[in-house]
Amino acid sequence: ILSLKKQQQQFYLLLGNLMSPDNNVRKQSEETYDAIPGSTKITFLLQAIRDASAAEDVRQMAAVLLRRLLSSAFEEVYPGLTIDVQMAIKTELLASIQMDSSSSIRKKVCDVAAENFPGIFGNQQQHYMEVIKRMLVQCMQDQENPQIRTLAARATASFILSNESNTALLKHFSDLLPGILQAVNESCYQGDDAVLKSLVEIADTAPKYLRPNLEATLQLCLKLCADTNLTNMQRQLALEVIVTLSETAAAMLRKHTAIVAQIPQMLSMMVDLEEDEDWALADELEDDDFDSNAVAGESALDRIACGLGGKIVLPMIKQHIMQMLQNSDWRYRHAGLMALSAIGEGCHQQMETILNEIVSFVLLFCQDPHPRVRYAACNAIGQMATDFAPTFQKKFHDKVISALLQTMEDQSNPRVQAHAAAALINFTEDCPKALLIPYLDNLVQHLHVIMVAKLQELIQKGTKLVLEQVVTSIASVADTAEEKFVPYYDLFMPSLKHIVENAVQKELRLLRGKTIECISLIGLAVGKEKFIPDASAVMQLLLKTQTDFNDLEDDDPQISYMISAWARMCKILGKEFQQYLPVVMGPLMKTASIKPEVALLDTQDMENMSEDDGWEFVNLGDQQSFGIKTAGLEEKATACQMLVCYAKELKEGFVEYTEQVVKLMVPLLKFYFHDDILYMPLQVIDPSMPLLLECARVRGPEYLTQMWHFMCDALIKAIGTEPDSDVLSEIMHSFAKCIELMGDGCLNNEHFEELGGILKGKLEEHFKNQELRQAKRQDEDYDEQVEETLQDEDENDVYILTKVSDILHAVFSSYKEKILPWFEQLLQLIVNLICPHRPWADRQWGLCIFDDVIEHCSPSSFKYAEYFLRPMIQSLCDTSPEVRQAAAYGIGVMAQFGGENYRPFCTEAIPLLISVIQAADSRAKENVNATENCISAVGKIMRYRPECINVNEVLPHWVSWLPLNEDKEEAVHTFNYLCDLIESNNPVVLGPDNTNLPKIFVIIAEGVANESIKSDDDCSKRLANVIRQVQVSGGLWTQCVSALNEIHQKAIQDLLNAA
């Protein structure tokens, strides 16, 4: 066995050979090196770095290899080392960085530390804390070696980021921040932005670390951002620090009003535009150049307005924008208008109050001498039409429509024309139909003239940009106008069909796709009767495109337009569409099955790729990013939506395809990405589950059960893991609907066990989030904007609570009392919800859950009465109407389903219910639902528990409280009871000689007029019979009808005709 010394010398030789200029020698050495086990390598490499007598280049090589080994195979190698070797690595790293006389070795070792800090020191950080800190300070102060200062700053940042939640540690290391800032400044001027990127990461994940030096951090970033000697990328990164802080630590930033007043620097970046002679004539729209300062400034302004809020941003920026709009240089006017577009979302409330002034001002620029300013004016109008809808449309329809139509006539600047058409689309999409109708004639004539002119241009010159937008404007107008578009149908349809037939060249794919969309939207607007003569021809055109579908390239814009058009055709044709399914489904399933490319990249790879088309990234920290190629994802989402549409429209006609659609959809429940990336709309998938089960029903119970089993596991798992609350609520809603549909027996013991754990987790999280919000209210940066955010979070949480209630409702209504033992694991948490000190929404939903227990699990429910009865009765007089409503509903089901044990409580509730009904403001808008539930509850007690109440005394009052107009479900209960009373000739209700009948007629008529009674249910048949019986006794009938006004008379007639 070779002595260790000998082995070490051979290793030095090997390191030397790894640097050999001779390829063969180097290749052989690499093979030898790779064959050495990881732990042995580490020992030798450390020894080499440590050995001051070894050659400088050998020691440098060892440091590089150690860094490479630890970065690439840290998890495999490091944990397997003995404690002694791990200790040696730590000690050696710290010692080399502090003591080594060779600056290049210290640089290399700093590299190792910068990349592997968190992993190497792990949970022993505390032990080494002072040494680490001393070492970092020492390296940051290394005056002779700027590179070491830079690396030490990166190592510090990496250390901070890996301890982002350790407040004490962040505080302890806060005096290193000035060193990091200095390194940011120095390295930027050396052309290295790695430390600046680390600062962006700190702003993102550990913003509180910056608090003690916030002023200095902001000043530095503003200085770098304003320095035109730096690259655009560096200036934008400096801006990114401030913008990120406005998102992650808005309240902290809002306190620095002086610095916030520097925001207009973003406006000056937005002026960084170049004159381009051919701009206005471009026929292809390039995507925004995201590297440009103008686009970066605009995006930063949008995010800062959303982050800091309009209260701060608008007053500060308004003056600057107004000055820019009066500047003689077009670039300033352009930037001012683009800035107005950018701040609309964040400054929504504040801008709404001065919208008059803003709109009048912006409309002037539709006539600006410079085309790019006119373009920016259209942009601002389009953006405001979306941000402030429908207020914007209601207030400014007159001025805006005429300004846009005028701008659309700008023949010499097609790009401006097209943008005016795009703004018109935004305007009409959210425009109430009644507002648009008076302008319809004028709009249609203008659009028709432009369409005809642009069709000519297409034929003569091949230009298409304006035509693409105008076709969509026509579609949007038709979509809003609906049947009022019928008179104009023949004006457009021939030309549109002509485009689809003839625009077959590759460069016209988008135009053709948009025209297909336009035809299908017009068809949907005017309805089947008007469209049917063209339907067959249009279907043939679509089918022809569909047949060529396999030849279309994956990124062909026609695909998504085609897919949506098919679904609209399905809505228009209804069941007649079934014959086309075999042709449509193949390509649709292919698109819905697209698998996106994903990748984990470091910052360097990412920079090379982002130029590649269609990649989006999420920063995972530590210079790592997660990338996904979004091309195809939107199409996938559209395709999934269309599948849902077919299932909904065709129901049993879709049964052939349910199985393959379920197999496609269910795995998508696991398919989500980070919020910043295009989110696969699970909102599409969730409604599809109950719909697909409905379709599958046709094939019998066995097939249905198989289908459900395939879905069920995935749905439950998704409820447990889905991070996005909007998507989660959809999944929970869908799951509840499926259980209601499938009924008793649809969940097995494992399902219940998993579901119980998940629901328990959701409720515990609900309480924990409330505590966290309370803690945030104590934070030193707490202000009213933070309160707004906390209230939004609270609403989100309550919405998830409503979905927990939905799932429990579905379980109780399907499984009845046999599910109570399972429910007991959640009991204490539900009891917590109804404690008197909890927020009203908690108490409302807690009571709703107990209402379900009483309604579906009685008489066994009484064993939990000690937990909910007192709170329920006390809640009848609660200050919150929502809580009163839930409590009153509970009393009603107690009387109807509860059983003997609940009798005394029904008696106790009566005076409380009556006092709510007779309160002065009981019929006010906010109280009416609670009041109606109280009226219904009194009715149920009289109907099901007459022994608890003096029926004859209460009945006249009860009849005087009818009808119920808001709560349709309870209205049916009251009408059914009213029918019982009339059919049994109840003297109190009918009065002596039927004198109360005219009043009863009014109650029935109001119920019908208000649609509280459905024409096809039993209740309406019973009421119609009551009326028919009166009809045959002439005088009484005349008396009853004469008490009715015109609306009531029509309602009675409708009831007789329908029932």
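Buried means under 20% relative accessible area, exposed means over 50%, and partly exposed lies in between. The exercises below apply to a predicted model.

**Exercise 1. A patch of negative charge**

Task: Determine where D276 lies, whether D276 is buried, partly exposed or exposed, and which patch includes D276.

Solution.
- Step 1: D276 is located in the loop between α16 (264-270) and α17 (293-308).
- Step 2: The relative accessibility of D276 is 40%, so D276 counts as partly exposed.
- Step 3: On the surface, D276 gathers with D272, E274, E275, E277 and D278 in a patch of negative charge.

**Exercise 2. A patch of positive charge**

Task: Name the residues that gather with K571 in a patch of positive charge, then place and classify K571.

Solution.
- Step 1: The patch on the surface consists of K571, K575, K648 and K651.
- Step 2: K571 belongs to helix α31.
- Step 3: With a relative accessible area of 44%, K571 is partly exposed.

**Exercise 3. Salt bridges between distant parts of the chain**

Task: The structure holds 44 salt bridges. For E483 and K433, K497 and D534, and K528 and E576, give the N to O distance, and say which parts of the chain each pair links.

Solution.
- Step 1: The side chains of E483 and K433 form a salt bridge with an N to O distance of 2.8 Å. This pair links distant parts of the chain, as E483 is in the loop between α27 (465-481) and α28 (489-502) and K433 is in helix α25 (residues 433-436), 50 residues apart.
- Step 2: E483 has 41% relative accessibility and counts as partly exposed. K433, at 26%, also counts as partly exposed.
- Step 3: K497 and D534 form a salt bridge in which the closest N and O atoms are 2.6 Å apart. Here the linked parts are helix α28, which holds K497, and helix α30 (residues 528-547), which holds D534; the two residues are 37 residues apart.
- Step 4: K497 counts as buried at 17% relative accessibility, and D534 counts as buried at 14%.
- Step 5: K528 and E576 meet through their side chains in a salt bridge of 2.6 Å, N to O. K528 lies in helix α30 and E576 in the loop between α31 (558-573) and α32 (581-592), so this salt bridge ties together parts that are 48 residues apart in sequence.
- Step 6: K528 is partly exposed, with a relative accessible area of 34%, and E576 counts as partly exposed at 41%.

**Exercise 4. A network of salt bridges**

Task: Which residues are linked with R211 in a network of salt bridges?

Solution.
- The network links R211 with K255, E780 and D781.

**Exercise 5. Aromatic rings**

Task: Classify the pair F361 and F365, and list the members of the aromatic cluster that includes W566.

Solution.
- Step 1: A pair of aromatic rings is described by the distance of the centres and the angle of the planes.
- Step 2: The search of the whole structure gives 23 aromatic pairs. For F361 and F365, the ring centres are 5.6 Å apart and the planes are at 90°, so this pair is edge-to-face.
- Step 3: F365 has a relative accessible area of 9% and is buried.
- Step 4: One aromatic cluster is formed by W566, F577, Y580, Y646, F654 and Y657.

**Exercise 6. Backbone geometry**

Task: Identify the form of the peptide bonds from A389 to P390 and from L962 to P963, then describe phi of N985 and of D993.

Solution.
- Step 1: Most residues other than glycine have a negative phi, and most peptide bonds are trans.
- Step 2: A389 and P390 are joined by a cis peptide bond with omega about -10°. P390 is in the loop between α22 (371-387) and α23 (391-407).
- Step 3: The peptide bond from L962 to P963 is cis as well, with omega near 0°. P963 is in the loop between α47 (951-960) and α48 (968-983).
- Step 4: N985 has a positive phi, near 50°. N985 lies in the loop between α48 and α49 (987-990) and is exposed, with a relative accessible area of 55%.
- Step 5: D993 has a positive phi, near 55°. D993 lies in the loop between α49 and α50 (997-1009) and counts as exposed at 73% relative accessibility.

Conventions:
Residues numbered from 1 in each chain as written. Predicted model: local features only at pLDDT ≥ 70, side-chain atom pairs only at ≥ 80, totals over all residues. Heavy atoms only, no water. Patch = residues over 30% accessible without salt bridge, like charges linked within 9 Å, V, L, I, M, F, W, Y side chains within 5 Å. Areas by Shrake-Rupley, 256 points an atom, 1.4 Å probe, with all protein chains shown as cover. Salt bridge = Lys/Arg side-chain N within 4 Å of Asp/Glu carboxyl O. Lys, Arg positive; Asp, Glu negative; His and termini not counted. Charge placed at Lys NZ, Arg CZ, Asp CG, Glu CD. Helix = DSSP H or I, 4+ residues; strand = E, 2+ residues; numbered from the N terminus. Buried < 20%, exposed > 50% of the residue type's maximum accessible area, 1.4 Å probe, protein only. Phe/Tyr/Trp six-rings, centres within 6.5 Å; stacked < 30°, edge-to-face > 60°.
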